[in-house]
Amino acid sequence: AAGGVSGDDPLVDALRGVLGALHAPGSVRTYASDLADLATFFRDRRRGLAAATRDDLTAYAADLTARGLSPDTRRRRAVVTRSFYREAAERGLLPGPAPASRVRVKEASPVGPPAPDATELAALLAWPAPRLADPDPRVVRTAARDHLLLTLLVYTGLRISEAVALTVGQLGREGGRAVLRDVRGKGGTKAIIPVPDAVAEEIRTFAADADERDPLLPAMARGRGGRPLSVLKPS
């Protein structure tokens, strides 16, 4: 089965959820390989993935170190493991809380900037709010656009370049959920990105008077109004 998890394993739906949230083929292959390694570790010890405890996953982290894997690989596998068990917990597939929430891999070199916490994300999303009450409708429109960009980045995981390239017509529904179709990622690959209902509603409200072929985030997509990254650096 995909990711090394047997098709009759109770956590196979969590595996599908984690892999289904990715839209770059390379990321899918990497996550599947990492989860296959995790499944092999538990299979060799005749334990089910759903029975994992924090001690089990600490032992797995120690095993990665004992095998001589690089710090970046160990850190990535810890991230993938936490994602997998968080997905399983959210789907109600575990008897208790996610066991990997506090497991860390020591001596792992960072692979990027630290992720913002919930308070920081809330402050970022609230940044355009004061301008939404401005008497100038152009200021209000720009603030709404900035908020939509930030919302897309936070809730869909899109890169800035992917978000500013979206057109209005890419929002649709598939399998009973809102999605962004044909999102072009690295290497020209296209993917379908799930969108939370609240984000889809913000898109529909913002683009209510736009044509399907229009850029979803006007000015940014056409190079006017400064670089898109500028909205992420409020003064």
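This report describes the overall make-up of a predicted model, then one helix, one residue at its end, a group of aromatic rings and an unusual backbone angle.

## Overall architecture

The secondary structure of the protein consists of 8 helices and 3 strands. Along the sequence these elements follow the pattern α-α-α-α-α-α-α-β-β-β-α.

Of the 235 residues in the protein, 35% are buried. The accessible surface amounts to about 13,300 Å², and carbon and sulfur atoms supply 53% of that area. Among the contacts with a separation of 6 or more, 56% join residues 24 or more positions apart.

## Confidence of the prediction

The mean pLDDT of the protein is 77, and 73% of the residues score at least 70. Among the elements, helix H8 (residues 197–206) has the highest mean pLDDT, at 93, whereas helix H1 (residues 12–20) has the lowest, at 66.

Two stretches deserve caution in reading. Over residues 107–111 the pLDDT stays under 50, and the model has 11 contacts for this stretch beyond four places in sequence. Residues 222–235 also have a pLDDT below 50, with 16 contacts in the model beyond near neighbours in sequence.

## Helix H6 and its surroundings

Helix H6 covers residues 137–156, which is 20 residues. At 1.5 Å a residue, a helix of this number of residues should span 28 Å; the end C-alpha atoms of H6 are 28 Å apart, so the expected span and the model agree. At the N-terminal end, Asp136 acts as a cap: one of its side-chain oxygens lies 2.9 Å from the backbone nitrogen of Arg138. Just after the helix, Gly157 has a positive phi of about 80 degrees.

The buried residues of H6 include Ala143, Arg145, Asp146, Leu148 and Leu149. Which elements help to cover the buried residues of H6? Among them are helix H5 (118–126), helix H7 (160–164), strand S2, strand S3 (190–194) and helix H8.

## Thr156 at the end of H6

Thr156 lies in helix H6. Is Thr156 buried or exposed? Its relative accessible area is 13%, and a residue under 20% counts as buried, so Thr156 is buried.

The side chain of Thr156 takes part in two polar contacts with the backbone. A polar atom of this side chain lies 2.5 Å from the backbone oxygen of Leu152, and the side chain also reaches the backbone nitrogen of Leu158 at 3.3 Å. Leaving aside residues up to four places away in sequence, Thr156 touches Thr151, Ile193, Pro194 and Val195. Thr156 and Val195 are 39 residues apart in sequence, yet their C-alpha atoms are 6.3 Å apart in space.

## Aromatic rings

The whole structure contains 2 aromatic pairs. In the pair of Phe41 and Phe42, the ring centres are 5.5 Å apart and the planes stand at 80 degrees; the pair is therefore edge-to-face. Phe41 and Phe42 are both buried. Together with Tyr60, these two residues form one aromatic cluster.

## A positive phi at Asp182

Asp182 is found in strand S2, which comprises residues 177–184. Its phi is near 55 degrees, a positive value in a residue other than glycine. Most residues other than glycine have a negative phi. With a relative accessibility of 48%, Asp182 counts as partly exposed.

Conventions: Residues numbered from 1 in each chain as written. Heavy atoms only, no water. Helix = DSSP H or I, 4+ residues; strand = E, 2+ residues; numbered from the N terminus. Buried < 20%, exposed > 50% of the residue type's maximum accessible area, 1.4 Å probe, protein only. Contact = heavy atoms within 4.5 Å. Areas by Shrake-Rupley, 256 points an atom, 1.4 Å probe, with all protein chains shown as cover. pLDDT = per-residue confidence, 0-100. Expected span 1.5 Å × (residues − 1). Polar contact = N/O pair within 3.5 Å; in protein donor to acceptor, adjacent residues only side chain to side chain. Phe/Tyr/Trp six-rings, centres within 6.5 Å; stacked < 30°, edge-to-face > 60°.
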